[in-house]
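Pull up the model and let's take a walk through it together. We'll begin at a single residue and work outward.

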Amino acid sequence: QVQLVESGGGLVQAGGSLKLSCAASVSDFSIGAMGWYRQRPGNQRELVASITSGSSTNYADSVKGRFAISRDTADNTAYLQMNNLMPEDTAVYYCYIGGRKYGYSGAYTYWGQGTQVTVSS
């Protein structure tokens with residue numbers, strides 16, 4: 001069983017910072033990658049940042065140098081530090097985890113409930 005709990009969204013002025021958290025509660029599941037997607041109004045969901053179990057990171061070009069993803073493997077928690085936020089970062093941010101269920105083949109992906117980030121100009 002897998003459960004993701006997100007926190008940390010909110011309203012901030014342009015140039016400000018927010019930190020998102022994603023706590024995963026899992027059983028019989030091996031977590032590989034963790035990360036966030038976001039969905040801006042009228043747009044498709046897009047990858048923001050991800051981090052593997054080996055701490056390799058990947059970022060969307062639009063957030064490189066401003067966002068930083070990290071992970072506490074012991075607690076199965078990921079963090080997204082967002083600095084120098086811009087109005088175009090306004091979106092619903094969805095945490096996800098990818099991995100494998102013990103005893104099953106294939107990869108599985110689970111999603112958090114989403115958290116709203118609003119950046120005012």
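Start at serine 50 and look at what surrounds it: beyond its neighbours within four places in sequence, serine 50 is in contact with Met34, Gly35, Ser56, Thr57, Asn58, Ile69 and Tyr96. Keep in mind as you look that this is a predicted model. Serine 50 sits in strand β5, and with a relative accessible area of 11% it counts as buried, because the cut-off for that label is under 20%.

Strand β5 covers residues 46–51 and is one of the strands that supply at least two residues each to the largest nonpolar core. That core has 29 residues, and the ones touching the most other members are Trp36, Val48, Phe67, Leu80, Met82, Tyr93 and Ile97. Besides β5, the strands that each give at least two residues to this core are β1 (2–7), β3, β4 (29–39), β7 (67–72), β8 (77–82), β9 and β11. As a rule of thumb, nonpolar side chains in soluble globular proteins tend to be buried together.

Now for the cysteines. How many disulfides does a search of the whole structure find? The search turns up 1, and it joins cysteine 22 to cysteine 95, with an S to S distance of 1.7 Å. Cysteine 22 belongs to strand β3 (residues 18–26) and cysteine 95 to strand β9 (residues 91–101), so the disulfide ties together parts that are 73 residues apart in sequence. Is this disulfide left-handed or right-handed? The torsion about the S-S bond is about -70°, so it is left-handed. Both ends are tucked away from solvent: cysteine 22 is buried at 0% relative accessibility, and cysteine 95 is buried with a relative accessible area of 0% too.

Follow β9 next, and it'll take you to β11. These two strands pair in the antiparallel sense over 3 bridges, and you can spot alanine 91 standing opposite valine 117 in β11. Strand β11 also has a parallel partner: 4 bridges join it to strand β2 (residues 10–13). There, valine 12 stands opposite valine 119 of β11.

Finally, turn β11 itself around. Which residues of strand β11 make up its covered face, and which its uncovered one? Thr115, Val117 and Val119 are on the covered face, while Gln116, Thr118 and Ser120 form the uncovered one. So the two valines you just met opposite alanine 91 and valine 12 both belong to the covered face of β11.

Note on methods. Residues are numbered from 1 along each chain as its sequence is written. This is a predicted model: local features need pLDDT of at least 70, side-chain atom pairs count only at pLDDT 80 or more; totals for chains, interfaces and linings use all residues. Side-chain values use heavy atoms; hydrogens and water are left out. A disulfide is a pair of cysteine sulfur atoms within 2.5 Å. Buried means under 20% relative accessible area, exposed over 50%, partly exposed in between (1.4 Å probe, protein chains only). Two strands pair if DSSP finds at least two bridges between them. A nonpolar core is a set of buried Ala, Val, Leu, Ile, Met, Phe, Trp, Tyr and Cys residues joined through side-chain atoms within 4.5 Å. Contact means heavy atoms within 4.5 Å.
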